[in-house]
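Student: I have a model open and want to work through its strands and a few single residues. Can we go question by question?

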Amino acid sequence: MREDAEALDIRDVTANWVNAEVLQRQIDERIKALADLSHTPLFFGRLDYLHAPGVDLAEGAEGEQFYIGRRHVHDADGDPMVIDWRAPVSQPFYRASKKDPMDIALRRRFGYTGGELTAYEDEHLSDPAEAERTSKLLQQEIERPRVGPMRDIVATIQPEQDEIVRSGLAGSVCVQGGPGTGKTAVGLHRVAYLLYAHRERLARTGTLVIGPNASFLHYIEQVLPALGELDVKQATVDDLVSTHVEVRGVDSAEAALVKGDARMAEVVRRALRSHITLPDEGVVVVRGSRRWRVPSYELADIVRELMDRDMRYGAARDALSQRIAHAVLVQMERAGEAPDDRVQDAVARNAAVKAVVKAVWPAVDPAKLVLRLLSDAEFLAEHADGVLSPEEQKAVLWAKPARSVRSAKWSLADAVLIDEASDLVTRTHSLGHVVLDEAQDLSPMQYRAVGRRATTGSVTVLGDLAQGTTPWATRSWGEALAHLGKPDAVIEELTAGFRVPTDVITYASRLLPFIAPGLAPVESVRENPGAFEVREVSGPQEVVAACVESLAHEGSVGLIAADARCGELAEALTGAGLSFLAPGEETTAEARLTLVPASLAKGLEYDYVVLDEPGSVVAAEPDERTGLRRLYVSLTRAVSGLLVTHTGPLPLPLT
C-alpha cells in the first residue's frame, strides 16, 4: 500500500502548482501514515461470523471471516485483508461474550513477541459445550513489561471501555477512573475512533488532546500515530493560555485559589463592560453639502441595545459604527436619497462616527485590563464588589504593581484571566473535539478556558477525583462539567484495574477514606498480585540499593520522591554509578531507571517503583489532604512491583 502511494504520478492531474503542492502534501502524509512500525503486527485478532454481516438471515447467508488490526489493509486488487478495529464489523471482537455472542462462531486472539507471531487462542462463543474462560493471551498482554512510551491498547480494549470509545461525537463524556483503569488509553482510542467515524468533519474543525504537563504528553505521543492518526494536536492548559503573555511568575496558594475561582469571570466581565459609556451629545456626519445629525438619545438607545444583546465586546464595537451609519441612512432615505451598502460602509468609516465609537465603546487590550485589575486596588474593589471579599481582593492584588504588560511577572492563573478577557473581546476558536486528561487538577477558570475551545464541539474528560493534588482540585464532576459548559455530559466510571497489581492497589486504597470518601476503590483484575514491600532504611545508599534490586527485574523502574529530596537522591545514584533519566525521557533496554519528582508522577507508569519517604511526599504539600492525594498518585505508578522505603514514620493512614 505504501509503495502504491509512493508510485503515484500527479503531473497530469493537477491544474496548477498550488493544486500540485496540496495533493503532494496529502500523498506524503498518506505515505507517512503507512510507515512500518517495529514490533507492531498488522493484525491481532480474527472473527468468524455465523452469517455474513449485513445480509438478511432469512436468505441463509453463509458465514464470513475477518482479520482485525490497527489499520485497514488491502491487497493489490483493493480487497480487504485486515479490517480496521474501529469498523462496525470489528465491534464483536471487543463486546461479544458467551451470553451475547453477536453472531460470532469463533473469536481468535493472536499473541506476538517482538512482532513475531508466537501464539493464538480460540473462543467458540456460539458453542454451548465450551465454558467461558479468561483469556491467557489477554492477561499476558495486560501484564507485559512497560519499556518506552505508552503503547496502544487496541488488542485488549474491554467491553466497558469499548462502549466509551465508540460513543458518538455529538455527546460529551466524562470518565472517572482510578489508577490503572485505562482512562487515558480510552480517551486516546476514542479520538482515533471519532477521526475514523467523522473524518471529514473533524478534519475541518480539529481535535486536541490536553495533558497535565509536557512529560505526560511526551509519554503518550506515540499512541495515536501507531493507530494511523498523525494530525491530532497535543497541548497543556499552560500552552493554551500562555499565547497571550509570557508566564514567569508563581502565585501563592491563596492567590491562585482566588484567581482560579469561577467568580473571577464576573469580575473580569464587569471590568471590561465598565469601559462602555452612554454618549452625552449627538454626532454630526457631513457628506457633501449635507449634514446628518444623530441625537444623543438615539445613540444611547443603540448602545443600550448592543449591551443587552450581550455580544462579544469587539463584535459589538464593530456593530456600533454600522448601527450609527444605519441611523444616518434612514435619514437619507427620508430625505429622498437612495443610499446603498457602500454608502453605509463609508459613513461607518467617517471620522465623526469613529470618534464617537472610540469615546463610547473604546478598544480594550485584555492583558492591560487584567494588569489594571491586579495592580489598581480601587479598580478591583469597584468591580469585585459583592463578588470577592476584601480579604480575597487583597490576596489577588500584586504587592508591587507592574509598569507594563511586558514587565509584569505573569503567573499561570493570570494568563487564564487574560484568556477569559480575550474571549469576552473576541470569541475563541472552537474545535470539533477536545480530550482533557487528568482533569481533576484544573481550577474552575481553567475549565472555562478549555470549554471555550469546544463551545461548538464535544469533549472527553478523563480524571480521578482521588488524584486531585491542587488546592483547587475538583470536588465533583458535575461542577467541573458545568464550568466546561457541558453540564449534560454523560459520566462513566471505570473500576476494573488493569495496570496496578492487587497488593499495591490494596495498600494505596487505605488512603481513599481520607482523600475521596465514597469513591469506589479500584479492583485489580491482574492474576499476578505483584511484588510489594515496605522497608525501613537508614539513608540514600539503601534507597539506591532498592533501585538496583528493582533493576534486576525486566522492565522500567521509577524512583519517585518528594521534589526536595530528588537532588540528594540524584547525587547518591550518580555516586553509585547508576545512570538515570528525567520524566518524559524515553526508557530503553539500556536506560531503564527514571528519577521522578512526585509532582510530575501523575499519568506515568513504571514496571517497578521505588517510593522514597512517603512522609516527605505528604509534607511537601500545603495541606494534609493534598499531600495524601499526591502520595496516592505516587503509590499507584507501579505495574509489577512497589518497594516503599522510609527513614521517618509513615503517614498515619498507611500504618
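Student: How many bridges join strand S18 (residues 557-561) and S20?
Tutor: This is a predicted model. In it, S18 and S20 pair in the parallel sense. Valine 557 is one residue of this pairing, standing opposite tyrosine 608 in S20. The number of bridges between S18 and S20 is four.

Student: Which residue in S21 does tyrosine 606 stand opposite?
Tutor: Strand S21 covers residues 638-646. S20 and S21 run parallel, joined by six bridges. Opposite tyrosine 606 in S21 stands alanine 638.

Student: How many residues of strand S20 (residues 606-612) are buried?
Tutor: Buried means under 20% relative accessible area. S20 is mostly covered. Of its seven residues, the buried ones number seven.

Student: Which strands are the edge strands of the open sheet with the order S9-S8-S12-S13-S7-S14?
Tutor: Six strands form this sheet, and the pairing is parallel. An edge strand here pairs on one side only. That applies to strand S9 (233-236) and strand S14 (490-494).

Student: Which residue in S13 stands opposite cysteine 174?
Tutor: Strand S7 spans residues 173-177, and strand S13 spans residues 458-463. The two pair in the parallel sense over four bridges. Opposite cysteine 174 in S13 is valine 461.

Student: At about what angle to S13 does helix H22 (residues 477-484) run?
Tutor: Helix H6 (residues 183-197) also lies across this sheet, touching S7, S8, S12, S13 and S14. H6 runs at about 165° to S13. H22 lies across S7, S13 and S14. Its angle to S13 is about 145°.

Student: Is glutamine 393 buried or exposed?
Tutor: Glutamine 393 sits in helix H19 (residues 390-396). Leaving aside residues up to four places away in sequence, glutamine 393 touches Leu380, Ala381, Ala384 and Leu388. Its relative accessible area is 13%. The cut-off for buried is under 20%, so glutamine 393, at 13%, counts as buried.

Student: And glutamate 3, buried or exposed?
Tutor: Glutamate 3 belongs to helix H1 (residues 2-6). Its relative accessible area is 63%. Exposed means over 50%, so glutamate 3, at 63%, is exposed.

Student: What separates the C-alpha atoms of glutamate 3 and isoleucine 31?
Tutor: Along the chain, glutamate 3 and isoleucine 31 are 28 residues apart. In space, their C-alpha atoms are separated by 8.3 Å.

How values were computed: Residues are numbered from 1 along each chain as its sequence is written. This is a predicted model: local features need pLDDT of at least 70, side-chain atom pairs count only at pLDDT 80 or more; totals for chains, interfaces and linings use all residues. Side-chain values use heavy atoms; hydrogens and water are left out. Two strands pair if DSSP finds at least two bridges between them. Contact means heavy atoms within 4.5 Å. Axes are lines fitted to C-alpha atoms, for helices over the stretch in contact, and angles run from 0 to 180 degrees between N-to-C directions. Buried means under 20% relative accessible area, exposed over 50%, partly exposed in between (1.4 Å probe, protein chains only).
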